[in-house]
Amino acid sequence: MNVEEISKLIEVFAKSGLQEFTYEEEGMKLSLQGKQNTVAVSAAPATAPETAVQTAALAPVPAEQPAAPAVEKKEGMIITSPLVGVFYAAPSEDAAPYVSVGDAVKQGQVVAIVEAMKLMNEIESDYSGTVAEILVENGQAVEYGQPLFRIVP
């Protein structure tokens, strides 16, 4: 099988919608696998499966996909984490959380703690309003800029 024949086979495979295809001829094995609109090609001698495999990725194959549902944009302001650390909703394990969904908060009010390098950093609300959503779990690791709370006026 020459390069042109392999290329044509890959093209037909990509258009077919198949997820996997294997072809063997005269000691050569060609295995094609499709994943999320891309095709990965592996070729190796059929007699030596442990031989190094050559892999090439092709350009994505256009496919008709259902229209994505419209993303509902929720109203409100987002309080984000100012640093990387661990989110805590309360000052200690047995204490009540600083805020819960439905609680009124004022600008500057402490709403949580983020522990970073054994230091407890109080997270204050940048907004006045009502807590509409708590976006992280107690004890969850958070990243810089990660949304923590959604506050509505």
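This section describes the sheet, the nonpolar cores and selected residues of a predicted model.

Four strands make up an open sheet, and their order is β5-β12-β10-β7. The pairing within this sheet is antiparallel. Strands of a sheet pair through backbone hydrogen bonds, either parallel or antiparallel. The edge positions are taken by β5 (77-80) and β7 (104-105). Each of these edge strands has a single partner, so one of its sides is left without a neighbour in the sheet. Strand β12 pairs with β5 over 4 bridges in the antiparallel sense, and β10 (residues 129-134) likewise pairs with β12 over 4 bridges, also antiparallel. Individual bridge positions can be given for both pairings. On the β5 side, I78 has R150 in β12 as its bridge partner. On the β10 side, I134 is placed opposite F149 in β12. Of the 6 residues of β12, 5 are buried, so the strand is largely enclosed by the rest of the structure.

The largest nonpolar core contains 15 residues. Within this core, F87, V111, I123, L148 and F149 touch the most other members. Strands β8 (110-116) and β12 (147-152) each contribute at least two residues to it. A second core, separate from the one just described, consists of 5 residues, among them L9, I10, L30 and L32. In soluble globular proteins, nonpolar side chains tend to be buried together. The surroundings of L148 were examined further. With neighbours within four places in sequence left aside, L148 is in contact with I79, T80, S81, F87, I123, E133, I134, L135, V136 and V142. Two of the residues named for the largest core, F87 and I123, thus appear in the contact list of L148.

A search of the whole structure for aromatic pairs returned 1 pair. The pair is formed by F87 and F149 and is tilted, with a centre-to-centre distance of 5.9 Å and an angle of 55° between the planes. Distant parts of the chain are linked by this pair, since F87 belongs to strand β6 (residues 85-88) and F149 to strand β12, 62 residues apart. Both partners have low relative accessible areas: F87 is buried at 1%, and F149 is buried at 2%. These values fall under the 20% limit, which means that both rings belong to buried residues.

Strand β12 also holds R150. The relative accessible area of R150 is 13%, and the residue is therefore classed as buried. A polar atom of the R150 side chain lies 2.8 Å from the backbone oxygen of E75. Apart from neighbours within four places in sequence, the residues in contact with R150 are K74, E75, G76, M77, I78, T130, V131, A132, E133 and L135. E75 is thus one of the contacts of R150, as is I78, the bridge partner of R150 noted above.

A contrasting case is M117, which is found in the loop between β8 and β9 (119-124). M117 has a relative accessibility of 78% and counts as exposed. The C-alpha atom of M117 is separated by 9.5 Å from that of V84, although the two residues are 33 residues apart along the chain.

Terms used: Residues numbered from 1 in each chain as written. Predicted model: local features only at pLDDT ≥ 70, side-chain atom pairs only at ≥ 80, totals over all residues. Heavy atoms only, no water. Core = buried A, V, L, I, M, F, W, Y, C linked by side-chain atoms within 4.5 Å. Buried < 20%, exposed > 50% of the residue type's maximum accessible area, 1.4 Å probe, protein only. Contact = heavy atoms within 4.5 Å. Pairing = 2+ DSSP bridges. Polar contact = N/O pair within 3.5 Å; in protein donor to acceptor, adjacent residues only side chain to side chain. Phe/Tyr/Trp six-rings, centres within 6.5 Å; stacked < 30°, edge-to-face > 60°.
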